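Please open the model in your viewer, with the sequence panel alongside, and follow the stops below in order.

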Amino acid sequence: MKKNLLKKILLSVVGVAAISSLVACTSNNKEDKSANAAKDDNTVIVGFDNTFVPMGFLDEKNNIVGFDVDLANEAFKRAGYKAKFENIDWSMKEQALDNKTVDCLWNGYSVTPEREKKVAFSKPYLDNKQIAITKSDEDFKKITDLKDQAVGTQAASSALDAIENDKEFLNMIKDKQATTYDTYDKALRDLEIGRTKAVVGDEVLLKYYIKQRDPNKYKVLEGDLGSEKYAVGFRKDDKELREKLDKALDEIKKDGTFKKIEDKWFK
């Protein structure tokens, strides 16, 4: 009786192990097929910050829209790919690229010497500069008027780089450092309630924000913290994808499509 019972237990254990092994294999096969499918259908995962107006953001219906979204969709289509947008923590963008969570970074991504060490950039496609805005009822007129004032910006942004690289400006503002936020949206909210006196950021973003909110409520201060260019960031070994995109961007500019997209968002 005991022998029969022991035999049944052993058979049950073997059966469970076999089923577990089969499930694991099936699961692995599914993962493999899924990974291969992502490559086979020529989908490019575009990393972006979905609050960065007007480059790439969510509209009132939660649709992904923006200048960079339109441009990326058109460029990758011409290059033979399909763009899929993935919202990422912008302060960890280069890590997301290195870890292959995304295939490129495209969302008002400024070319800087620091970033050139980490990523391979496409050809630049848009000019930008770092400006400061404040509420219109403040007495400030120029960036140099922000002495001893709290200044906000987005963490790990080119605006933060610009602030930290301009030692005269950095040493002038409150605490000799900028207040940082994970998104510009949060930085601008703090400006509205008076926690900070100014926000430094991309000209295209801040001017679009002012226009959409209330042009009479904010003002752009005289001066800037430097000019720069936007480009798409790739892993350094993704040469083929980068070259195809560069070719597509050239075509888009040549046939007037770029101007149409630009007018749609900035005119």
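The tour goes from the whole chain to a pocket, then to a cavity, and ends at a single arginine.

**The whole chain**

Begin with everything selected, keeping in mind that this is a predicted model. Coloured by secondary structure, the chain shows 10 helices and 14 strands, and 45% of its 267 residues are buried. If you draw the contacts with a separation of 6 or more, 76% of them are between residues 24 or more positions apart. Turning on the surface displays about 15100 Å² of exposed area, of which carbon and sulfur atoms supply 50%.

**The second largest pocket**

Next, select Val 53, Phe 57, Asp 185, Tyr 209 and Arg 213, which, of the 15 residues lining the second largest pocket, are the closest to its centre. The volume of this pocket is about 300 Å³. To see where the lining comes from, show strand S3 (56-58), helix H7 (184-192) and helix H8 (203-213), each of which supplies at least two of its residues; the largest share, five residues, belongs to H8. When the lining of this pocket is coloured by residue class, eight residues appear as nonpolar, three as polar and four as charged.

**The cavity**

Now hide the surface and look inside, where a search of the whole structure finds one cavity of 30 Å³ or more. The largest cavity has a volume of about 60 Å³, and a selection that outlines it would include Phe 52, Trp 90, Tyr 109, Arg 115, Gln 154, Tyr 184 and Asp 202, among the residues of its lining. Adding Asn 107, Gly 108, Ser 110, Ser 157 and Ser 158 brings in further residues that line this cavity. By class, the lining of the largest cavity divides into four nonpolar, six polar and two charged residues.

**Arg 235**

Finally, centre the view on Arg 235, which sits in the loop between strand S14 (233-234) and helix H9 (239-254). Is this residue, Arg 235, buried or exposed? With a relative accessible area of 10%, Arg 235 counts as buried, because that value is under the 20% cut-off. Measure from its side chain towards Val 102, and you should find a polar atom of the Arg 235 side chain 2.8 Å from the backbone oxygen of Val 102. Leaving aside neighbours within four places in sequence, Arg 235 is in contact with Leu 97, Lys 100, Val 102, Asp 103 and Ala 120, so displaying these five residues as sticks completes the last stop.

Conventions
Residues numbered from 1 in each chain as written. Predicted model: local features only at pLDDT ≥ 70, side-chain atom pairs only at ≥ 80, totals over all residues. Heavy atoms only, no water. 1 Å grid on protein atoms, 1.4 Å probe; cavity = no way out; pocket = protein on both sides within 12 Å on 5 of 7 lines; lining within 4 Å. Points joined across faces, edges and corners; volume = space filled by probe spheres on them. Helix = DSSP H or I, 4+ residues; strand = E, 2+ residues; numbered from the N terminus. Nonpolar A, V, L, I, M, F, W, Y, C, P; charged D, E, K, R; others polar. Buried < 20%, exposed > 50% of the residue type's maximum accessible area, 1.4 Å probe, protein only. Polar contact = N/O pair within 3.5 Å; in protein donor to acceptor, adjacent residues only side chain to side chain. Contact = heavy atoms within 4.5 Å. Areas by Shrake-Rupley, 256 points an atom, 1.4 Å probe, with all protein chains shown as cover.
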